[in-house]
Amino acid sequence: MTVTDEVTPTAPAVGGVVLEASGVTMRFGGLLAVNNVNLTVSEGEIVGLIGPNGAGKTTFFNCLTGLYKPTSGQVRFAGKPLAPKPRLVVRAGMARTFQNIRLFGNMTALENVMVGRYCRTSSGAITSILRGPKFRREERETRAKAQELLEFVGLGKVSEHLARNLPYGDQRRLEIARALATDPKLILLDEPTAGMNPQETRQASDLIFKIRDSGLSVVVIEHDMRFIFNLCDRVLCLVRGEALIEGTPAEVQSDPRVIEAYIGAGGDDDDDDVQDAEVKS
Ligand SMILES: Nc1ncnc2c1ncn2[C@@H]1O[C@H](COP(=O)(O)OP(=O)(O)OP(=O)(O)O)[C@@H](O)[C@H]1O
Ligand SMILES: [Mg+2]
């Protein structure tokens, strides 16, 4: 869904703007990791964030989700300024996964998802300690919701397995289920297919489409260009902290500066991926 020109000042943009980040800048000492980056995401959109290693993609996510307080710039969510505090960000409706998986390894898959859900339950400390009827009802609901989400991401059969015993691809899906448990409007995925084989990567694509179809917006960081160009409605390419280009997959893929940026970065084979990826029509 894209924003059209037919927007009145009082009505929200078509599809409604969910996230509006403007002029986001993050400086670490002498390093400008993110420099004046803008990003708008509307309801039902899948937006890709690409760029060579060290381009500032994860740092930008950290600024959006309150893990870092940006040096300057503003993040608005659902029409309101968003304070850079992870707890408030989650409550507002933005959830994320991490490039380096962050699960509770000694808890089951189900328990990991239940943890994600607790930000939406109302039982306070006293109710929890006393384990009264309200607590027991909420706990039952939380468990049922967590199981439903595990099924949604394809992990329904391993709900009682310890997170640390799950294969890598399943751990990534479990992180997504935990993020979904917070009832987000927007989910940010940091390299959701890293370490996955081609079949798992295709499944991850299907899952992200399914998440979008359930009414969420998605921003996804990935180095796998085929995955990005086939999945996303729009792609933003960062290079050395700055936005190089933002456009449709076809526009970004054919921009010589993008290929140059990857070749210039010299790292892995990302440059070949940019040229080889087949873009959806
Ligand atoms: N907490 C920090 N303190 C200092 N420098 C940092 C910090 N976090 C990130 N950086 C630096 O900011 C730059 C951007 O890093 P970032 O992790 O955002 O890149 P990235 O685009 O996510 O890269 P990759 O594709 O490798 O994950 C890098 O030079 C990195 O070393
Ligand atoms: Mg990163």
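1. Isoleucine 187 has valine 218 as its bridge partner in β8, and this pair belongs to a run of 5 bridges through which β7 and β8 are joined in parallel. On the β6 side, isoleucine 187 is also the bridge partner of alanine 95, with β6 and β7 likewise running parallel, here over 3 bridges. The model is a predicted one, and every remark below should be read with that in mind.

2. Strand β7 is mostly covered, since 5 of its 5 residues count as buried. The burial concerns both faces of the strand: Leu186, Leu188 and Asp190 lie on one side, Ile187 and Leu189 lie on the other, and all of them are buried. A reader looking at Asp190 in the structure should therefore note that this residue is placed in the buried group together with Leu186 and Leu188, on one side of β7, by the criterion of 20 or more other C-beta atoms within 10 Å.

3. The sheet to which β7 belongs is open and consists of 6 strands, in the order β6-β7-β8-β3-β9-β10, with mixed pairing. Its edges are formed by β6 (94–96) and β10 (242–247), each of which has a single partner strand, so that one side of each is left without a neighbour in the sheet. Neighbouring strands are turned against each other by 20° on average, if direction is ignored. Further along the order, β3 (residues 46–50) and β9 (residues 234–239) pair in the parallel sense over 4 bridges, and within this pairing valine 47 stands opposite arginine 234 of β9.

4. Two helices can be described against this sheet. Helix α1 (residues 57–64) packs on it and touches β3, β6, β7 (186–190), β8 (217–221) and β9, while its direction makes about 150° with that of β7. Helix α7 (residues 198–213) lies across β3, β7 and β8, and runs at about 150° to β8.

5. Why can α1 be called largely enclosed by the rest of the structure? The reason is that 8 of its 8 residues are buried, namely Lys57, Thr58, Thr59, Phe60, Phe61, Asn62, Cys63 and Leu64. The helix is followed by glycine 66, which has a positive phi near 80°.

6. Helix α1 also matters for the description of ligand 1, because the shell around this ligand receives 3 residues from α1, the most that any element gives. The residues around ligand 1 are Phe28, Leu31, Ala33, Gly51, Asn53, Gly54, Ala55, Gly56, Lys57, Thr58, Thr59 and Gln99. Besides α1, strand β2 (31–42) is an element that supplies at least two residues of this shell.

7. The largest nonpolar core has 73 residues, and Ala177 and Ile187 are those with the most contacts inside it. Strand β1 (residues 17–28) contributes the largest share of this core, with 6 residues. Because domain 1 (1–93 + 185–281) and domain 2 (104–183) both give residues to the core, it lies between them. Leaving aside residues up to four places away in sequence, alanine 177 touches Val113, Leu149, Leu150, Val153 and Leu155.

8. Strand β1 pairs with β4 (residues 72–77) in the antiparallel sense over 5 bridges, and threonine 25 stands opposite serine 72 of β4. Strand β4 is in turn joined to β5 (residues 80–81) by 2 bridges, again in an antiparallel arrangement, with phenylalanine 77 opposite lysine 80 of β5. The hairpin of β4 and β5 has 2 residues between the strands, and alanine 78 takes a positive phi there, near 50°.

9. Is glutamate 242, a residue of strand β10, buried or partly exposed? Glutamate 242 counts as partly exposed, because 15 other C-beta atoms lie within 10 Å, whereas a buried residue would need 20 or more. The C-alpha atom of glutamate 242 is separated by 5.3 Å from that of asparagine 35, although the two residues are 207 apart along the chain.

10. For the protein as a whole, the secondary structure comes to 11 helices and 10 strands, and 42% of the 281 residues count as buried. Among contacts between residues at least 6 apart in sequence, 66% join residues that are at least 24 apart.

Terms used: Residues numbered from 1 in each chain as written. Chains lettered and ligands numbered in written order. Predicted model: local features only at pLDDT ≥ 70, side-chain atom pairs only at ≥ 80, totals over all residues. Core = buried A, V, L, I, M, F, W, Y, C linked by C-beta atoms within 7 Å. Buried ≥ 20, exposed ≤ 12 C-beta atoms within 10 Å, placed from the backbone. Domains from an automatic or database assignment. Contact = placed C-beta atoms within 7 Å. Pairing = 2+ DSSP bridges. Axes fitted to C-alpha atoms, helices over the stretch in contact; angles between N-to-C directions. Near = placed C-beta within 6 Å.
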